[in-house]
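Work through the exercises below with the model open. Try each task before reading its solution.

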Amino acid sequence: MPEQQRCTGSIDSRELRFSRAMVFAIEEINQSTELLPGIKLGYQIHDSCASVPLAMHVTFQLSNGLDQVFYANNNCSQSGMVMAIVGESGSTPSISMSRIIGSFNIPQVSHFATCACLSDKQQFPSFFRTIPSDQFQSDALAKLIKHFGWTWIGAVRSDSDYGNNGMASFLDAAQKEGICVEYSESFYRTHPRSRIQRVADVIRRSTAMVVVAFLASGDMRILLKELVREPSPPRQWIGSESWVTDPDLLSFSICAGAIGFGIQQSVIPGLKEFLLDLSLTKVAASPLLTEFWEDVFNCRLEKGTAMDENVCDGTEEIKTIQNPYTDTSQLRITNMVYKAVYAIAHAIHNAVCQDMNASTRCDKYPETKQVLTQLKKVHFSKNGYDVSFDANGDPVARYELVNWQRSKSGSIEMVTVGLYDASLPEGQEFIINRNLTWVDGDTQVPVSVCTNSCPPGTRKVLQKGKPICCYDCIPCPEGEISKVTDSPDCFPCPEELWPNAERYTCFPKPVEFLSFDDVLGIILAAFSVGGACLAIIIAAVFFHHRTSPIVKANNSELSFLLLFSLTLCFLCSLTFIGAPSDWSCMLRHTAFGITFVLCISCVLGKTIVVLMAFKATLPGSNVMKWFGPTQQRMTVVSFTFIQVLICAIWLGLSPPFPMKNLILYKKRIILECALGSAFGFWVVLGYIGLLAVFCFVLAVLARKLPDHFNEAKLITFSMLIFCAVWITFIPAYVSSPGKFTVAVEIFAILASSFGLILCIFAPKCYIILFKPEKNSKKHLMSKNDS
């Protein structure tokens, strides 16, 4: 047969305080006249040594009934079944115990088993606890980590029901908060040291600054001892309530700055005095107290001790020691034990006690099923705290946020810096009311992220094969922005807006058009006005010398009309400069088309007159009577009227209109005149071109006429320039971007206008002004005779 398992190692002073708190509560209840009058509660305390086999062995004993039940007054009662069990401290032993006693309807009230799995009433119908479930703590820890902006963490857990279930709940809550876990390691105190070393090495090599430890207090102590062996980079520890409020661990300086949730502190009047009221007689009567006493004072109560061992002589004073057993400055789990005892007592009271007028009568022997039923309904207040259980056997979750801060003396102490109350509305559960101290005593919140936040103007692109918290920050594509930090996508600006250089906001696109403020606009406007002035000056010269032979010989009436039309041609180019409007768009194209037709019509009329005048000199010809002044006027009016009609139809059906060109350039808006009907525009141009070609052909035919009719040569050259300008205009117009399209059109107008005025009128003005001797009929006739 295998040997019976026994406890080894020194006694846990903290757990001893828990058991003594239970005895204190039972004595209080037994002395009460209101709760269970006439009934005395008995108890028996067993040490499971955090061992599942030992816990199950004791549970079977309790389930089968006790031969003897001890009361606070040391009297014995008849043997009977246990009414309820307080414990266990660990989740795994509690699970094993509950599976056994649940079949017997024996209530179990734990003060420290926090595994969320124990809330399952189908599996654990008789389990209750006065400490909140890890499900609430896991949610609170995830919100705490999110609150401080940590998205890249490490996780360590006990390889037990407590650690595995608690960590599973936390990881699920962390995922919902967008928190990523770099590693998740587990171990148990009975594992070989190599396993502990591997976990410690993972922590040392990790890039996560924050470590969440869902560890039992004993496991945490083992891990910290291993980490102390070899210095490692500082880490911000986030602790579960199991170890973060354990004063025994405050000696590990590497945990300075640790934060976590602990059970609310409380005050139990009279408990400290009860704990310190230990005499040798009381100690000797209890095996647990005996072991504790001998361990603390390093002496032996037995008389037959070895020569080298001290004998306890009764001078030992428990008040003089600094020990978790005597430390009642922060009663947390101890209060959970206190509540558990009172909850059971209230359940028994409600099951067996009845009010009979002014007195209360209690039956002596309740059934465990009655106690279980009443425990579900328990609701009372003790020392300012409410005690009740929900449908899952859990209390309302309230935690204190505990921070390990270094005091002025250099020691580490637990400081309450905030609260968490799960009963409050969502978003209001978490309150921080004091400053926190972080790892290494820093007052700045440490940063723990896989990748620094992507600033506005960039978007997150996940790194292949890594968690969602690891990503690259890619600048937004051209024309798109992101306004928030860590934006997963970029969004295009509206059509009339464009991103700034950093690509986090949209600004109106600059508007571009050929304006009078542009250098190009100023130059073109100057040439336009200069050309109009030149035409007016030439007209004035011609008018002043209207009686001279050279003016008369070149059809002065058509010359003046041609100069007038050229003036209009020069001035119509000004309508192309400036911001387009409804009127300017309609005027610029129609004015250009009509004035140029008027101009070409005048040139055409002069060319026809030249040809007909030559034919009229032939014997028997009377052709000139068909090309007199009236016919010339009618010719000009007819050709111009056709263009006016074309423009009127164009404006009536689909006129030009101002538009914003958003396609040509991405970064700016081009204000331009849409043609309305492209067909109308090209008909206008085509008609001008048709007249120009016709005029050019006639001028070519008349170029070899006698010398005093040499205007035909000048018209030929001017028409050659005109046609060349407008032939090259078409590809240039189509391919020019933005405002340069307008500039090309203006240039074509000015170039063809200057070509006409210089080729036709410049030679005549030169003779009139600088060679007056040639401006005579005799000179002209003599040249003709020669």
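The exercises cover ring pairs, salt bridges, a sheet and nonpolar cores.

This is a predicted model: local features need pLDDT of at least 70, side-chain atom pairs count only at pLDDT 80 or more, and totals for chains, interfaces and linings use all residues. Residues are numbered from 1 along each chain as its sequence is written, and side-chain values use heavy atoms, with hydrogens and water left out.

**Exercise 1. Classify the ring pair of tyrosine 162 and phenylalanine 214, and place both residues.**

Step 1. Recall the rule: rings of Phe, Tyr and Trp (its six-membered ring) pair if their centres lie within 6.5 Å; planes under 30 degrees apart count as stacked, over 60 as edge-to-face and the rest as tilted. The count by this rule is 24 aromatic pairs.

Step 2. The ring centres of tyrosine 162 and phenylalanine 214 are 5.6 Å apart and the planes stand at 50 degrees, so the pair is tilted.

Step 3. Locate the partners. Helices (H or I, at least four residues) and strands (E, at least two) are DSSP runs, numbered from the N terminus. Tyrosine 162 belongs to helix α5 (residues 161-176) and phenylalanine 214 to strand β8 (residues 210-214), 52 residues apart.

Step 4. Check burial: buried means under 20% relative accessible area, exposed over 50%, partly exposed in between (1.4 Å probe, protein chains only). Tyrosine 162 and phenylalanine 214 are both buried.

**Exercise 2. Do likewise for phenylalanine 261 and tyrosine 399.**

Step 1. This aromatic pair is tilted, at 5.9 Å centre to centre and 55 degrees between the planes.

Step 2. Phenylalanine 261 is in strand β10 (residues 259-263) and tyrosine 399 in strand β15 (residues 398-406), so the pair ties together parts 138 residues apart in sequence.

Step 3. Both phenylalanine 261 and tyrosine 399 are buried.

**Exercise 3. Describe the salt bridges of lysine 143 and of arginine 229.**

Step 1. A salt bridge is a side-chain nitrogen of Lys or Arg within 4 Å of a carboxyl oxygen of Asp or Glu. There are 18 salt bridges in the structure.

Step 2. Lysine 143 meets glutamate 429 at 3.1 Å, N to O. Lysine 143 lies in helix α4 (residues 134-147) and glutamate 429 in the loop between β16 (412-421) and β17 (430-432), so the bridge ties together parts 286 residues apart in sequence.

Step 3. Lysine 143 is partly exposed at 26% relative accessibility. Glutamate 429 is buried at 9%.

Step 4. Arginine 229 bridges to glutamate 226, with the closest N and O atoms 3.3 Å apart. The two are three residues apart in helix α7 (residues 217-229), separated by about one helical turn.

Step 5. Arginine 229 is exposed at 56%, whereas glutamate 226 is buried at 7%.

**Exercise 4. Which strands stand at the edges of the open sheet β24-β26-β25?**

Step 1. Two strands pair if DSSP finds at least two bridges between them. The three-strand sheet has mixed pairing.

Step 2. β24 (511-512) and β25 (657-661) are the edges; each has a single partner strand, so one side of each lacks a neighbour in the sheet.

Step 3. β25 pairs with strand β26 (residues 669-674) in the antiparallel sense over five bridges. Asparagine 661 faces isoleucine 670 in β26.

**Exercise 5. Which residues have the most contacts inside the largest nonpolar core?**

Step 1. A nonpolar core is a set of buried Ala, Val, Leu, Ile, Met, Phe, Trp, Tyr and Cys residues joined through side-chain atoms within 4.5 Å.

Step 2. The largest core has 91 residues, and Leu36, Phe170 and Phe261 have the most contacts inside it. Helix α12 (residues 333-352) gives the most to this core, with 14 residues.

Step 3. A second, separate core of 66 residues includes Cys572, Ile577, Cys723 and Phe761.
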